[in-house]
Amino acid sequence: MKKKLLILAGIDEPSQQLLARHFTLALHDNWRETMKTDAMAATLARENPDALVLESQPMPAEILERAPALKYIASVRATPANIDLDYC
């Protein structure tokens with residue numbers, strides 16, 4: 001069974017096709033909507049992903065602890081300053 005990957009960043013079609021070989025994809029059309037902590041927490045609760053690709057959305061510990069299935073996070077930023085790496 002494939003792991004579920006939630007994509008909250010702009011990913012081109014060829015990259016999506018490559019990722020779909022390994023994951024069941026859940027694409028969020030408006031990733032900017034998830035910039036608010038409550039919206040991100042609700043999206044993660046609804047989708048319950050194993051993995052996440054995000055843009056610059058904040059991922060503090062209080063969101064990460066509410067996503068028990070989440071095991072992998074990829075940031076399309078140059079540095080993952082938006083992710084609480086101490087919690088991970």
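Here are some short exercises on the structure above, each with a worked solution.

The model is predicted, so to speak of local features we need pLDDT of at least 70, and side-chain atom pairs count only at pLDDT 80 or more, while totals for chains, interfaces and linings use all residues. Residues are numbered from 1 along each chain as its sequence is written, and side-chain values use heavy atoms, with hydrogens and water left out.

**Exercise 1. The sheet**

Work out the order of the strands in the sheet and find its edges.

*Solution.*
- Start with the terms: strands (E, at least two residues) and helices (H or I, at least four) are DSSP runs, numbered from the N terminus. Two strands pair if DSSP finds at least two bridges between them.
- Next, follow the pairing: four strands form an open sheet in the order 2-1-3-4, with parallel pairing.
- Strand 2 (23–27) and strand 4 (72–75) are the edge strands, each pairing on one side only.
- From one strand to the next, the twist averages 20 degrees.

**Exercise 2. Partners of strand 1**

Count the bridges that strand 1 makes with strand 2 and with strand 3, and name some facing residues.

*Solution.*
- Towards strand 2 there are five bridges, and the two strands run parallel. Leucine 5 has leucine 25 as its bridge partner there.
- Towards strand 3 (residues 51–54), strand 1 (residues 3–8) has four bridges, again in a parallel arrangement. On this side, leucine 6 is the bridge partner of leucine 52, and isoleucine 7 stands opposite valine 53.

**Exercise 3. Helices across the sheet**

Place helix 1 and helix 2 relative to the strands.

*Solution.*
- For the angles, axes are lines fitted to C-alpha atoms (for helices, over the stretch in contact), and values run from 0 to 180 degrees between N-to-C directions.
- Helix 1 (residues 13–20) lies across strands 1 and 2, at about 140 degrees to strand 2.
- Helix 2 (residues 37–47) lies across strands 1, 2 and 3, at about 155 degrees to strand 1.

**Exercise 4. The nonpolar cores**

Identify the residues with the most contacts inside the largest nonpolar core, then look for a second core.

*Solution.*
- A nonpolar core is a set of buried Ala, Val, Leu, Ile, Met, Phe, Trp, Tyr and Cys residues joined through side-chain atoms within 4.5 Å. Buried means under 20% relative accessible area, exposed over 50%, and partly exposed in between (1.4 Å probe, protein chains only).
- The largest core has 13 residues, and Leu44, Leu52 and Met59 have the most contacts inside it.
- Strand 1, helix 2, strand 3 and helix 3 (61–64) each give two or more residues to this core.
- A second, separate core of five residues includes Leu5, Ile7, Ala9 and Ala51.
- Alanine 9 sits in the loop between strand 1 and helix 1. Alanine 9 counts as buried because its relative accessible area is 9%.

**Exercise 5. Salt bridges**

Find which residues make up the salt-bridge network.

*Solution.*
- The criterion is a side-chain nitrogen of Lys or Arg within 4 Å of a carboxyl oxygen of Asp or Glu. By this rule there are two salt bridges.
- Lysine 4 meets glutamate 47 at 2.8 Å, N to O. This pair links distant parts of the chain, with lysine 4 in strand 1 and glutamate 47 in helix 2, 43 residues apart.
- Arginine 46 also bridges to glutamate 47, the closest N and O atoms being 3.9 Å apart.
- Put together, Lys4, Arg46 and Glu47 form the network.
- Lysine 4 is partly exposed at 24% relative accessibility, whereas arginine 46 is exposed at 53%.

Methods
Contact means heavy atoms within 4.5 Å.
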